[in-house]
Amino acid sequence: MSETVIVIEQITPQVGVTFASDQGPQGGQGVTGPTGPTGSTGATGATGATGSTGSTGATGATGSTGSTGPTGATGSTGATGSTGATGATGSQGATGATGATGPTGATGATGSIGATGSTGPTGATGSTGATGATGPTGATGLTGATGPTGSTGATGATGATGSTGPTGPTGATGSTGATGAGGTLGYWGSFWSTQDQVAANTTTAYPITYNNTDPDSNGVSIVSNSRLTFAYAGVYDIQFSAQADRVSGSGTDTIDIWFRKNGTDVPDSNSVITVSGGAAAAKTIAAWNYMLEIAANDYVELVWRTSDTRLELIADVAGTSPTRPAVPSVILTASQVMYTQLGPTGATGSTGATGSTGPTGATGATGATGATGATGAASTVPGPTGPTGATGSTGPTGASGANGATGPTGPTGATGASGATGATGPTGATGATGANATALPDILMLGGM
């Protein structure tokens, strides 16, 4: 056995140490002696079971750090002293206050409801209210298809026709009316000129003149040599042809020809012809017609002008080898449109007397009526239902019957499962620490084997 002397050079503040087994409070730490030589490491003992962790105490204030003294020379390591005896365990602190109770767990499910008691007797029924007025009748359904018609009975024999009475004598024919004016021949006239037509200058309009009339003309004549005059109203077709030629020189010039009615130019009636060539070798025919509505005693003129006075409307004499008619300088005709010249209708003759009607023959007997055909099958298509009549007002409610006796209470249902346990309340405050054990002596004698 050897002894180790530990010299305590400084007393440190008290440190509380808790051991697994009962022990007294630890005394203050002695002054640290010089470090002895390190002994060989002993075998590591088995690790004891870890004790439950106590609550952490409040941390004390940290003291100010002292100034570091000069490092002394390292002394030789002394032998390790023996462990001092364990101090007695301090008394247990007071128990902390109980934590607040946790919240109540959820209520268990309600047990099943007991059987319902029997129903009391029903009260007497009130009297029925008056019936509402009947609604209007619905539209009639579609008529079924008509059955086939029975065959027609045989027609009775027709009675003999009575003899026809004698025809009355035909009335005398009325006298024929006088033929209307014109008949199939309308008013007309034909005229021409065997003279040359000359223009003294190019800025004057010259009426064309005529010196010959067809002796059969009717209702149309020439007045004052140039005026085509109408004795009767109507629509007339007026036609003309004119032969133009150059009498000297050569070149290309024009002639205008248009209509005047009662001394006024007829709108849009002008036409222009071109005459080209030399003297006696530039013959050109101008010819067209015009329809005009004429009142009785109206007159119409053909008017011309030329761009060169050497152009004239030329008449030629009859030719020979072969014999040919002379060529008028102008030919003019007018004929009435026929549909405007219907004569008045003659008077209708009186109608002859109608002969008396012969007696009517006796009517033959009526044939027997054929049997009636079978009735057609009923329609399979239902007609639409008429609208429902308005509901009558509800009668007063009868008095309520007496309440029946209450049935016995059903058995109590099974208790529902317990609700979950509420959370654990907070841990109470830790009790005060017991008084410290007596401080260790300045020198601890630690024994070792």
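User: What makes strands S5 and S6 count as a pair, and how do they run?

Analyst: In this predicted model, strand S5 (residues 220–223) and strand S6 (residues 227–230) are joined by 4 bridges and run antiparallel. Pairing asks for at least two bridges, so the 4 bridges between S5 and S6 satisfy the definition. Valine 220, for instance, has phenylalanine 230 in S6 as its bridge partner. The two strands form a hairpin with 3 residues between them, and in that turn serine 224 has a positive phi of about 60°.

User: Why is the pair of tyrosine 206 and tryptophan 304 called tilted?

Analyst: The structure holds 6 aromatic pairs. In the pair of tyrosine 206 and tryptophan 304, the ring centres are 6.4 Å apart, which is within the 6.5 Å cut-off, and the planes stand at 45°, which is neither under 30 degrees nor over 60, so the pair is tilted.

User: Which parts does this pair of tyrosine 206 and tryptophan 304 tie together?

Analyst: Tyrosine 206 lies in strand S3 (residues 206–207) and tryptophan 304 in strand S12 (residues 299–306), so the contact ties together parts that are 98 residues apart in sequence.

User: Are tyrosine 206 and tryptophan 304 buried or exposed?

Analyst: Buried means under 20% relative accessible area; tyrosine 206, at 17%, therefore counts as buried, and tryptophan 304, at 1%, counts as buried as well.

User: How do you know that arginine 227 lies over the face of tyrosine 299?

Analyst: Arginine 227 is placed at 4.3 Å from the ring centre of tyrosine 299 and lies over its face, where the distance cut-off is 6 Å.

Key: Residues are numbered from 1 along each chain as its sequence is written. This is a predicted model: local features need pLDDT of at least 70, side-chain atom pairs count only at pLDDT 80 or more; totals for chains, interfaces and linings use all residues. Side-chain values use heavy atoms; hydrogens and water are left out. Buried means under 20% relative accessible area, exposed over 50%, partly exposed in between (1.4 Å probe, protein chains only). A charge sits over a ring if NZ of Lys or CZ of Arg is within 6 Å of the ring centre and within 35 degrees of the ring normal.
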